[in-house]
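Q: Please take a close look at one part of this model: its interior. I would like to know what is buried there and what space is left open.

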Amino acid sequence: MADCSQAGSGRHSMDKSITLPPDEIFRNLENAKRFAIDIGGSLTKLAYYSTVQHKVAKVRSFDHTAKEVDGDPLYEISVQEEITARLHFIKFENAYIETCLDFIKDHLVNTETKVIKATGGGAYKFKELIEKKLKLKVDKEDEMSCLIKGCNFVLKNIPHEAFVYAKHADSEFRFQNTHPDIFPYLLINIGSGVSIVKVESEDKFERIGGSSIGGGTFWGLGALLTKTKRFDELLQLASRGQHTSVDMLVKDIYGGAYGSLGLTGDLIASSFGKSATTDKEFSKEDMAKSLLHMISNDIGQLACLYARLHNLTRVYFGGFFIRGHPVTMHTITYSINFFTKGEVQALFLRHEGYLGAIGAFLKGAEEDNPNQYSWGENYAGSSGLMSVSPDLNPMQRVRSGTFDMLEMDRLERQLVNLPLLQDPSSYIPDTVDLTEDALARQYWLYCFEEALDGVVNRAVASQPDLPQAVERAEKFRQKYLHKLQTLRHQPFAYGSLTVRSLLDTREHCLNEFNFPDPYSKIKQKENDVALRYFQKVVRSLEKLPWEQRQFALVKGLLAGNVFDWGAKAVSDVLESNPEFGFEEAKHQLQDRPWLIDCYDQWVERLKGPPHKCALFFVDNSGIDIILGVFPFVRELLCRGTEVVLASNSGPALNDVTNSELQILTERIAAMDSVIQAAIKEDRLTLVQSGSSSPCLDLSRLDKALAVVVRERHTDLVVIEGMGRAIHTNYYAALSCESLKLAVIKNSWLAERLGGKIFSVVFKYEVPPQSPGLRR
């Protein structure tokens, strides 16, 4: 984005930025339905709700009552338009408010409201301007209650929203998992001034303190000292400065540390202390750094005192003063650690500046009860957490130095924890944090970039009758490539960088350009083919003695899991050799002993009493679900175990979706009496997981699934596939027995785990005090 200041003019303008396409900044503005605005002393944060029209892939079963013709597909696929809800949040400096309001006015088409909710100190100042430009009545909301509502919202809905900053660690940003119970906490909101709020519940909070020395002080004094008027530029000056040139340290007074008081020599004794005794000019950079230290230290100590006074250990810092700025965060963190001896952690928020705008919006949308829904960050339309170092990622600094964006999509399902997590507060879905593992990060970013051509080709092939598909696919390529480049420079941009987040970002970008299910036709074809062999597979299994059958079932489950179009080694084989099938996959599997081999313990457990209910998180369409999973499920049903099959709510790669699984199950039931009886007797149940990802987050599952798990007294969880059982949940601790199984279809990952490609992980786990092997 071009610099938005206009030289030689007393009137601020967005200059070239305003000519950008609306979808670059004010996306979906033409469908905006409701607005809220938070105007601080220096920055404006705009929130609006819009409807987003996008394409979704739907499947519908054909009528198979008539005589079937060999080769007829099992179901038809149609692409339909669907309207969903999205929240948009944009921040910009107050200097650009008039031009932004003009832009919004020119693009408003379908707004339903006559009111704009407003909060922040500037809401009164700009009231007349807003009403004149937008023809909307300004309805002012209490600033503090908006801040709290906004903070509660992001803490509940955005995984990895909060983080600890550790300057000298391998990964400076250590993201925290979303705690099931976010209360109580202390919120230190640093805008122009500082507000300190104790939050005890959704509706109970109290402002217990504050300070007039905050972001406005830094900006104002910084402008006087350096003649720099722009907040971002002042932060950049500070990042290049040396505060020791200006500040008087303990060693400057005592010649070293002051041991009897426990003060190190490098501790600041007096901010700007040298300026009174040194007859020299100080650089702008050094003065900005000293000023930033002075204000950050003051805020940190104040926060520490209030946290101790009220016995609170979770302290969140919000407000645009933070800006993800390393010096600010390090100074506040150091101050908190110093004064509490590490007992209290300073926690920062990725979307620190949006809290008031989010809260104001939620107040205006109470009639729609937004808190009854779950929301998810749309990575395709969000800026992400930025570093302010101009050298770290100049591309994004130019692009978003003036405008930051956050987008949240309303999810169809309300998401909750899996009730079987041993400790939801310590559950971490992802096995490897790529922000901390530089070697793995380098490999996976390369891997996803290398696979991009294949994804683009697959997207185009999925829509052969749409001439615009090539152009949209190219836009997808550029968007996702830009995201990968950003993550190379700033791996922390969207929280912890993981294989899951890379996959999810790719899915978001595909959806953004109307490729809702690039693998739909492949799934349809593979399902049709696999169904023809189902009865043959079942008959061959029934002929085997019990022990041989158990091994054959597991081997079939693993062979089915080979058919994963998300793994390049497999997709290359499937593209080049269409005859590669179930038996060929079995031959590819590693011989026992497997890489992780708990098979003997599993068989021993099967000699005991049956499980009450098994929850099975399924993976791929085609051979995997039909020839691998269903025979395994059939055996569990024959043992007297109820089964719940959990599949994706929406498409991702070639994973089977709930709507596809409904059709497949109906067809299998028509040819198999065991499956048919289980459905009629309600012993086989299909549920949506609430996910549209190749991976699995057990802390964000469909609420209906959680209800079924409780009601059925589930005592076995089966998680299948690399995405769900290796990239995620490998270390997940459950309160019941679990099976985690996958075939490693990536050479690099296999070698890292000590194996080779097509190595097998078969991990059977029994929690403490579980009946497990009891007979």
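A: A strand here is a DSSP run of E with at least two residues, and a helix is a run of H or I with at least four; both are numbered from the N terminus. By that rule, Phe92 is found in strand 3, residues 75-93. The model is predicted, and that applies to everything below.

Start with Phe92. Its relative accessibility is 2%, so it counts as buried, the cut-off being under 20%. Leu46 lies 46 residues away from Phe92 in sequence. In space, their C-alpha atoms are 8.5 Å apart.

Gly209 is a further buried position. It belongs to strand 10, residues 205-211. Its relative accessible area is 8%, which means it is buried. Beyond four places in sequence, Gly209 contacts Ser195, Ile196 and Tyr306. Ile196 is 13 residues away along the chain, and its C-alpha is 5.0 Å from that of Gly209.

Now the nonpolar interior. In soluble globular proteins, nonpolar side chains tend to be buried together. The largest nonpolar core of this model has 107 residues. Trp444, Leu502, Trp602 and Leu645 have the most contacts inside it. Helix 21, residues 623-638, gives the most to this core: ten residues. A second, separate core holds 44 residues, including Phe218, Ala238, Phe272 and Ala303.

Leu645 shows how the largest core draws on several parts of the chain. Leaving out residues up to four places away, Leu645 touches Phe616 and Val618. It also touches Val629, Phe630 and Val633. Further contacts of Leu645 are Leu661, Leu684, Thr685, Leu686 and Val687.

Next, the enclosed space. Four cavities of 30 Å³ or more turn up in the whole structure. The second largest has a volume of about 70 Å³. Trp602, named above for its contacts in the core, is one of the residues lining this cavity. The others are Gln550, Leu553, Val554, Leu606, Phe632, Glu635, Leu636 and Arg639. Helix 17, helix 20 (599-606) and helix 21 each give two or more residues to this lining. By type, the lining has six nonpolar residues, one polar and two charged.

Then the open space. The second largest pocket holds about 890 Å³. Its lining counts 34 residues. Val529, Phe580, Gly581, Phe582 and Ile623 lie nearest its centre. Two or more lining residues come from each of helix 16 (520-542), helix 17 (546-560), helix 18 (568-576), helix 19 (582-588) and helix 21. Helix 16 has the largest share, with eleven residues. The lining divides into 18 nonpolar, five polar and eleven charged residues. Helix 21 thus appears in three settings: the largest core, the lining of the second largest cavity and that of the second largest pocket.

Last, the confidence. The mean pLDDT of the protein chain is 87. Of its residues, 92% reach 70 or more. Two stretches call for care. Over residues 1-23, pLDDT stays under 50, and the model has 41 contacts there beyond four places in sequence. Residues 65-69 are also below 50, with one contact in the model beyond near neighbours in sequence. Where pLDDT is low, the predicted coordinates should not be read in detail.

Notes. Residues numbered from 1 in each chain as written. Predicted model: local features only at pLDDT ≥ 70, side-chain atom pairs only at ≥ 80, totals over all residues. Heavy atoms only, no water. Core = buried A, V, L, I, M, F, W, Y, C linked by side-chain atoms within 4.5 Å. Buried < 20%, exposed > 50% of the residue type's maximum accessible area, 1.4 Å probe, protein only. Contact = heavy atoms within 4.5 Å. pLDDT = per-residue confidence, 0-100. 1 Å grid on protein atoms, 1.4 Å probe; cavity = no way out; pocket = protein on both sides within 12 Å on 5 of 7 lines; lining within 4 Å. Points joined across faces, edges and corners; volume = space filled by probe spheres on them. Nonpolar A, V, L, I, M, F, W, Y, C, P; charged D, E, K, R; others polar.
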